[in-house]
Amino acid sequence: MCLSDPSPFPFLSLPIELQERILSLLPVSDLLPLLSVSHGIRSLIQSPTFPSPPPDLFFLLFSSIDPPFPKLLSYHPASHRWVSLPISSHSPLYHSRPYATSSSLAITLSSPAGPDYEDEDVPPEASLAAMRMFSSLPHQEIPPMIPLGYCFVYAVIPDGDVSLSGPSDHFRILGHSYFNHGIFSQVYDSRLGRWSLTGKIPCQTALCTNTALVNRSLYVSDFMPHQCQLLKFDLTSYTWEIILPMPEMILSASIFSHDQNVYLVAGFEDELGRIITAIRVLILDWGENNESREWKETSILSGTEEAFVGFTNGACWLYGFETVARNGLVCLHSPYTSRVLLFDVRDRSWVLLPRSSLEPEYTMWYGHATEMGQEVLRPVGA
């Protein structure tokens, strides 16, 4: 039987409403192959009335060292497997890594940078691009940041579902600049089409790129060994507030959010302050009336546990790690062993991911996550 012929395909004999209901339960990565099964199924999936499928999360963990980036080595939690995802040569992401991602929205340079460009900072007078990671939709040009010293982008915040295809799709980009012995924040609002300075940040060092969005506030930590603090940026008033110090005795730390809570995953050092001997996950506890703020431990992975030993290739200690988190899942990467550890905040489990057979082709940490959405199902030019 040829499945490309709709006449003998029993599924197409079902009522349209039932077909939609069944297919809308599948993640996008399962719907993509069905586009080539039959014209009837393709028309149904690409119909403007087709319901939104569930989020399909991919951790974009590794890339080649230098651009171009034709493919990314990604981990797909739903199927527990490694996947190589292609990037179109027409996409700005083919030449530049994203500064920030949220859902499937990514912020990157709109054109390749010069040879003196560093991955972390935004080149002076450089235009940015807002785009869906794996969609054929055109990217949206973002004007250059306000030129105050070295500029950085550390977060993008969609206002609801952003498809970048109409005037009602809005988002904000948060960045900061070093200027005159201070660090100043600036925000791009797509509704206004411009950047605005939003005040001095109460810190003396760079902000970490890992952020946590909770109740219309963005949480971020600065980075100064043994003197880190958690900061909150109110997305309504555009004001900064110091929440509390980060725990002592940590060598690597990253914050993330889940279920309207702020979490911290941190590597705790030994007494000599040289190596990580345990990884702890803590939750921000506001106490009664939001007055007694403190970090409370929710999970610990000690240096003797099997997942930790595998993560360190038997060394039982670490110098540091990199993280990316989304939807209650955290991927931790050891740059010294190239192993990846997955923590699930929902059941507090630690799992050492198997190595990928494609790993030798991808050696650079990419460190982003994306939720493949319905826009990748649309026909080119739609």
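Which residue in E3 is the bridge partner of His76? The partner is Arg81. This pairing belongs to a predicted model, and it makes a good place to start reading the fold.

## A hairpin

His76 ends strand E2, which covers residues 71-76. Strand E3 covers residues 81-86. The two strands run antiparallel, and six bridges join them. Together E2 and E3 form a hairpin, with four residues between the strands. His80 sits in that turn and has a positive phi of about 55°. Strands of a sheet pair through backbone hydrogen bonds, either parallel or antiparallel.

## The whole protein

Step back to the full chain. The protein has four helices and 24 strands. Its C-alpha trace spans about 70 × 50 × 50 Å along the principal axes. The radius of gyration is 22 Å. A compact globule with 382 residues would have a value near 21 Å, so the two agree.

Of the 382 residues, 52% count as buried. The accessible surface comes to about 18,300 Å², and carbon and sulfur atoms hold 53% of that surface. Now take the contacts with a separation of 6 or more. Residues 24 or more positions apart account for 49% of them.

## Two nonpolar cores

The largest nonpolar core has 26 residues. Leu23, Leu60 and Phe134 touch the most other members. Five elements give two or more residues to this core: helix H2 (28-34), helix H3 (39-45), strand E1 (56-63), E3 and strand E24 (364-372). H3 gives the largest share, three residues. Strand E3 of the hairpin is thus named here too.

Another core lies apart from this one. That second core has 19 residues, including Phe256, Ile283, Leu341 and Phe343.

Phe134 deserves a closer look. Leaving out residues up to four places away in sequence, Phe134 touches Leu60, Leu72, Leu85, Pro86, Ile87, Thr370, Met372 and Val376.

## A four-stranded sheet

Next comes an open sheet of four strands, in the order E20-E21-E22-E23, with antiparallel pairing. Which strands stand at the edges? They are E20 and E23. Each has a single partner strand, so one side of each is left without a neighbour in the sheet. The twist averages 20° from one strand to the next.

E22 and E23 run antiparallel and are joined by four bridges. Phe343 stands opposite Trp350 in E23. Phe343 is also a member of the 19-residue core. In a regular strand the side chains alternate between the two faces of the sheet.

The residue ranges of the sheet strands are listed here.

| Strand | Residues |
|---|---|
| E20 | 322-326 |
| E21 | 329-333 |
| E22 | 340-344 |
| E23 | 349-352 |

## Two loop residues

Ser334 lies in the loop between E21 and E22. Is Ser334 buried or exposed? Its relative accessibility is 0%, so Ser334 counts as buried. Beyond its neighbours within four places in sequence, Ser334 is in contact with Phe311, Leu318, Gly320 and Arg339.

Glu361 is found in the loop between E23 and E24. Glu361 counts as exposed because its relative accessibility is 54%. Phe62 is 299 residues away from Glu361 along the chain, but their C-alpha atoms are separated by 9.2 Å.

Key: Residues numbered from 1 in each chain as written. Predicted model: local features only at pLDDT ≥ 70, side-chain atom pairs only at ≥ 80, totals over all residues. Heavy atoms only, no water. Pairing = 2+ DSSP bridges. Buried < 20%, exposed > 50% of the residue type's maximum accessible area, 1.4 Å probe, protein only. Contact = heavy atoms within 4.5 Å. Axes fitted to C-alpha atoms, helices over the stretch in contact; angles between N-to-C directions. Rg over C-alpha atoms; globule rule 2.2 N^0.38 Å. Areas by Shrake-Rupley, 256 points an atom, 1.4 Å probe, with all protein chains shown as cover. Core = buried A, V, L, I, M, F, W, Y, C linked by side-chain atoms within 4.5 Å.
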